[in-house]
Amino acid sequence: MPSDIPKILIVDDEAANIDILARILESDYELYAAKSGEEALVRLDRGLLPDLMLLDVRMPGMNGYALCNHLNNHHRAKDVPVIFVTAVEDSENETLGLEMGAVDYIKRPFNPDIVRARVKTHLELGRERRESENRYRTIFENMADGIVIYDLENRFIAANKSFYRNTGYSPEDLREMTPADIHSESDIRLHAERFSEARRHGSGRFETRHVRKDGSVFPVEVNTRIIEFEGRRAALDICRDITVRKQAEAALARDRETLEELVRRRTAELREKERRLAQMEKVLTQRRRFHRIVGKSEAMQSLYDQLEELVDVGSTVIITGESGTGKELVAEALHHGGLRRNRPFSKIVFSDISDHLIESELFGHIRGSYTGAISDRRGRLEKAGDGTLFLDEIGDIPPHFQKRLLRVIEDRRFERVGASSPITMNARIVAATNLDLRRQVQEGRFREDLYFRLKVVELKIPPLRERREDISLLASHFLAIFSKELQKEVAGIDAETLALFMGHFWPGNVRELKHVLEYACLTCKSSTIGANDLPSGIAQKRKNRRGRDVSEEAQAIQDALRRTQWNKTQAAELMGISRRTFYRRLARHLPDAISIKNKT
C-alpha cells in the first residue's frame with residue numbers, strides 16, 4: 001500500500017466496533033487496530049506513527065481519557081489528532097475529552113457519512129498544520145543568524161543550529177539557563193531595559209555581547225520581536241554575530257554605511273518572510289462564509305465564532321442591525337447549523353401582519369373563535385414544534401400584545417384563540433429588529449421586561465460600511481448567482497467600479513449591494529461590469545464626484561479612519577482610493593482631522 005495514504009489507528013476493546021469502522025474507512029485509508037490503551041502505546045513505541053487516532057472512551061484498564069493524557073506527553077505521538085468514539089449516553093463527557101486535547105467526537109451507532117466527513121476534515125487540518133510547521137521550521141533552521149525563543153518568564157523554548165554553533169551551548173545547557181546567562185555581566189541591565197521596551201512596543205533592536213560556553217565574549221546585534229508561539233507570548237531574538245563588522249568599523253569607518261544598509265535589507269527581508277508566512281497561515285484558517293452568510297472580515301469572523309457557540313443551545317437570541325444587513329440569514333444559520341437543523345423553521349414578520357390578526361397568526365385558532373374562523377388552524381408557534389420560531393421585526397409588535405408574548409415565552413405554554421387547552425411550546429425563540437429597542441423602552445413603546453427576556457443573547461450585525469473588506473467577496477458571490485439565473489457570462493467588476501463600491505456609504509447594506517449588482521448584470525453588455533452599468537444613483541457619483549452627498553462622503557471617511565485607528569494610508573486603502581485623493585477629501589470634509597496622529 002502506498003506510503004502516502006493516511007494512516008489511522010483505531011483503539012477499541014470491542015472487535016465489532018473496529019470492524020464497523022474498518023468497513024467505513026478501509027477504501028481510503030491505511031488502518032491499524034489496538035484492543036486496549038496499553039496495546040496502542042506499545043504499537044506507538046515500536047514505530048507506528050498514525051496521522052489520526054479513533055479512540056474509544058470506555059475500555060477496561062487504561063480508558064480513552066487516560067490514553068489521551070499519555071499521548072499529550074508522548075515523544076512521537078503528542079501531535080496526532082484524536083477523535084473520541086463514544087455512545088450517545090456518554091455525551092456529557094465531551095467537554096472533558098476536548099479539554100484533554102481531543103479534536104472531535106464520533107457517536108455510536110456510527111453514521112458512515114459523518115465518520116468519513118470528520119475523519120477527512122481532521123486529516124486535512126492536520127496536514128495543513130504540518131505543512132505550516134515545516135515551512136516555519138525550514139526558515140528557522142536555515143537562517144545564517146542565530147535565533148533563540150524564550151517566554152516572558154525568561155525560560156528558553158527553542159534555538160536554531162546557528163545559535164548553538166555561535167555560542168557553543170547545547171539544548172541541554174539552555175534548559176538550565178535564562179537569557180541573562182548568555183549576556184556579558186556589564187550588558188545584563190542593558191538587555192533588561194531593551195527587552196522591557198520590546199514588550200511595550202512589540203519589537204526592538206540593540207547591540208550587546210554574548211558569552212560563549214567557553215567564557216569568550218563576542219558582539220551581537222539582536223533584533224527582538226514579541227510573538228505568539230505554541231499558544232503563549234514569547235520573545236524571538238535574531239542574534240547576528242557582528243565581530244567582523246565591529247573590527248571593520250574600527251579599521252574602516254568608510255564601510256559603515258554599506259554594512260548598515262545590508263543589515264537593514266536583511267532585516268526587512270526576514271520581516272517580509274514572516275509577514276508572508278503569517279498571511280498564508282491566516283488565509284488557510286480564515287472562514288469566508290457560515291451557512292449562507294458571506295464575509296471574511298474580522299467582524300464576521302467574530303460573528304461566526306458567536307454562532308458556533310449558540311447553534312446547539314436553546315437560549316433566546318435577539319439579532320440587531322440595520323435593514324439589509326442579513327438578520328434573517330443569521331437566524332437561519334442559528335437553526336440550520338445546529339441540532340435543530342432537521343426540525344421546522346417557522347417565521348413571522350410582525351410588520352406585515354395587521355394588529356388584529358397577530359394573535360391568530362402566532363397561536364392559531366379553533367373553528368368559530370371569531371368571524372371568518374371556519375376551521376381549526378395551527379399558528380406559527382405550533383408549526384415550529386421543537387424547531388425554531390423566528391420573530392422578525394419584533395420592534396413592530398403592538399403594545400397590547402407584548403404582555404401576552406412575554407407570558408408565553410416565560411411559561412412555555414400557549415392556547416389557540418378560542419381554546420382553553422394549553423399547548424406546550426418547545427421551539428427556540430429567535431427575534432430580530434432594526435430598531436433601538438432600548439430607546440423604545442425609554443420612550444414607553446416597548447415593555448422593559450419583554451426586552452430583557454428577549455435579550456438573553458444579542459447578536460449585533462455590522463453594517464456593510466463597517467466591513468468594506470467584504471464588498472469584493474460579496475460582489476463575487478452575487479455575480480455568480482445572477483450569472484447563473486440570467487444565463488449571462490459576467491466574470492467580475494472593473495477597478496473603477498470596485499473603487500466606487502468601496503467609497504459608497506451603502507445605507508441599504510448588503511441588500512442594496514445585491515440589488516445594484518442584479519441591475520448591473522441585467523444591463524451589462526460585456527463580461528465585466530463597469531460604472532456605466534450601475535444604477536443612476538451610484539453611477540452619478542462617477543460623473544460628478546464633487547457633487548457627492550457631503551454627509552455621506554464625510555461619514556465614509558470617518559468610518560475608514562475609525563476602523564484603521566486614524567492611520568490615513570490604511571484608511572485610503574480601505575476606501576479603495578489613492579492617498580492623495582484621500583487627503584483632498586479629508587481637507588474638504590474634515591480639515592481638523594489632518595493633524596490627528598495615529599491612535600495606536
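Two strands count as paired here if DSSP finds at least two bridges between them; strands (E, at least two residues) and helices (H or I, at least four) are DSSP runs, numbered from the N terminus. The model is predicted, so local features need pLDDT of at least 70 and side-chain atom pairs count only at pLDDT 80 or more, while totals for chains, interfaces and linings use all residues. Residues are numbered from 1 along each chain as its sequence is written, and side-chain values use heavy atoms, with hydrogens and water left out.

**Exercise 1.** Work out how β6 and β7 pair, then place them in their sheet.

*Solution.* Start with the pair: β6 (residues 146–151) and β7 run antiparallel, with 3 bridges. To check one of them, take V148 and look across to A159 in β7, its bridge partner. Now widen the view: the open sheet has 5 strands, ordered β7-β6-β10-β9-β8, with antiparallel pairing. At the edges sit β7 (156–159) and β8 (203–211), each pairing on one side only. From one strand to the next, the twist averages 30 degrees.

**Exercise 2.** Find which strands α8 touches, and which ones α9 lies across.

*Solution.* Contact means heavy atoms within 4.5 Å. Angles run from 0 to 180 degrees between N-to-C directions, with axes fitted as lines to C-alpha atoms, for helices over the stretch in contact. Helix α8 (residues 188–201) packs on the sheet and touches β6, β8, β9 (217–229) and β10 (232–241), making about 155 degrees with β8. Then go to α9 (residues 243–251): it lies across β8, β9 and β10, at about 130 degrees to β9.

**Exercise 3.** Trace the strand order of the parallel sheet and find its edges.

*Solution.* Five strands form this open sheet, and the order reads β14-β17-β20-β13-β21. Its edge strands are β14 (345–349) and β21 (457–460). Ignoring direction, neighbours are turned by 20 degrees on average. Zoom in on β13 (residues 317–320), which pairs with β21 in parallel over 4 bridges; there, I318 stands opposite E458. Helix α12 (residues 327–336) lies across β13, β14, β17 (388–392), β20 (428–433) and β21, at about 150 degrees to β13.

**Exercise 4.** Describe the second largest pocket by its volume and lining.

*Solution.* A pocket is an open set of points on a 1 Å grid over the protein atoms alone, where a 1.4 Å probe fits, with protein on both sides within 12 Å along at least five of seven lines; lining residues have an atom within 4 Å of a point. Points are joined across faces, edges and corners, and volume is the space filled by probe spheres set on them. Here that comes to about 1,100 Å³. Of the 26 lining residues, D104, Y105, R118, D312 and R341 are closest to the centre. The largest share, 7 residues, comes from α5.
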